[in-house]
Amino acid sequence: MLSLVLPKGSLEKATMQLFDAADLTVQRASDRDYRASIDDPRIDRVRVLRPQEIPTYLEQGLFDLGITGRDWITETDADVVSLGELKYSKATSNPVRVIMAVPDGAPWRTVADLPEGVRISTEFPAMTKRYLDRHGVKATVVPSYGATEAKVPDIVDAIVDLTETGSSLRKNGLRILDTLLTSYTELVANREAYEDAEKRAAMEDISLLLQGVIRARGKVLLKLNVAHGDLQKVLDIMPAMASPTVTSLAGGESNAVESVVAKRGVNTLIPALKAAGAHDILEIPIAKIVD
């Protein structure tokens with residue numbers, strides 16, 4: 001039913017892991033293969049291509065559904081439908097930023113300080129030109145095809161590039177002057193395909209599974225038993241997404257309690273629950289959380 005295009009490159013590994021956790025495992029002959037398949041009746045064709053190209057291919061109707069970054073949607077100005085952000089990236093769950101950076105020793109403190117004719121290297125020439133036009137800066141924008149940070153200061157005066165943590169910029173002696181865009185990865189669709197009711201339902205199913213995996217990351221399910229007299233002490237220290245589930249056990253003197261909690265901190269939470277009177281404590285991994 002759906003033709004799907006997934007990103008190759010820096011997002012590739014994280015995307016494949018996400019689909020695998022969503023029970024939509026992507027199968028390929030090798031990591032270098034651009035053709036793939038997913039054993040799911042809603043998906044009949046899968047390709048793995050550069051994220052820079054994906055918004056345009058989706059707009060042109062070459063694919064129904066795809067994953068790319070808001071940065072490339074903005075750069076290409078593609079007319080696509082977003083089914084929502086997928087808050088994962090190559091290193092963290094934080095967004096990436098498209099930033100303008102200059103040498104740490106440069107005198108410029110804002111974009112307005114940039115002199116006429118300043119040379120700026122970037123993989124986002126269209127976005128950069130629009131940004132400079134808004135600020136009235138006359139610059140020479142030099143398209144970059146990789147290693148953008150290495151071109152300052154010998155080849156260009158400044159760069160517009162992606163950063164996730166900022167560590168590489170600092171390592172190269174660069175300072176962020178401004179942020180052009182904050183970008184998450186997004187699930188996006190061809191507009192005509194999205195307007196087809198059957199395809200839209202399939203797209204929303206896939207989105208539900210992917211979002212369920214992302215929501216479950218960093219969380220576990222705690223289950224425990226506790227005597228009725230100790231129940232309130234346990235509930236007072238038991239975190240929950242909403243509120244813990246409490247069920248009376250046969251006999252009426254004990255309760256079963258379960259709650260979804262953050263994995264981080266569970267190493268101190270379990271002993272505290274035990275000290276409060278909980279017993280038979282189970283920590284269970286969670287694959288998906290669906291509202």
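Arg200 puts its charged end over the ring of Tyr194, 4.2 Å from the ring centre. Keep in mind that this is a predicted model. Lys8 does a similar job elsewhere: its charged end sits over the ring of Tyr34, 5.1 Å from the centre. Here are the two arrangements side by side.

| Charged residue | Ring | Distance from charged end to ring centre |
|---|---|---|
| Arg200 | Tyr194 | 4.2 Å |
| Lys8 | Tyr34 | 5.1 Å |

Now for rings paired with rings. Searching the whole structure turns up two aromatic pairs. One of them joins Tyr57 and Phe63, with 6.4 Å from centre to centre and 50° between the planes. That pair counts as tilted, because its angle falls between the 30 degrees below which planes count as stacked and the 60 degrees above which they count as edge-to-face. Are the two partners buried or exposed? Phe63 is buried, at 6% relative accessible area, while Tyr57 is partly exposed, at 23%. The cut-off for buried is under 20%, so Tyr57 with its 23% does not qualify.

Next, the helices. H1 covers residues 12-21 and H7 covers residues 197-216. Their axes come within 9 Å and cross at roughly 100°. Anything from 65 to 115 degrees counts as roughly perpendicular, so that is the label for H1 and H7. Which residues make the contact? From H1 there are Leu18, Phe19 and Ala21, and from H7 there are Leu210, Val213 and Ile214. By class, the contact has six nonpolar residues, with no polar and no charged ones.

H7 also holds Asp205. Asp205 is partly exposed, with a relative accessibility of 34%. Along the chain, Asp205 and Arg42 are 163 residues apart, yet their C-alpha atoms are separated by 9.0 Å.

Another link across the sequence starts from a loop. Gly9 lies in the loop between strand S1 (2-7) and H1. How far apart in space are Gly9 and Leu49? Measuring from C-alpha to C-alpha in the model gives 8.3 Å, against 40 residues of separation in sequence. Gly9 is partly exposed too, with a relative accessible area of 31%.

How values were computed:
Residues numbered from 1 in each chain as written. Predicted model: local features only at pLDDT ≥ 70, side-chain atom pairs only at ≥ 80, totals over all residues. Heavy atoms only, no water. Phe/Tyr/Trp six-rings, centres within 6.5 Å; stacked < 30°, edge-to-face > 60°. Buried < 20%, exposed > 50% of the residue type's maximum accessible area, 1.4 Å probe, protein only. Lys NZ or Arg CZ within 6 Å of the ring centre and 35° of its normal. Axes fitted to C-alpha atoms, helices over the stretch in contact; angles between N-to-C directions. Helix = DSSP H or I, 4+ residues; strand = E, 2+ residues; numbered from the N terminus. Parallel < 35°, antiparallel > 145°, perpendicular 65-115°, else oblique. Contact = heavy atoms within 4.5 Å. Nonpolar A, V, L, I, M, F, W, Y, C, P; charged D, E, K, R; others polar.
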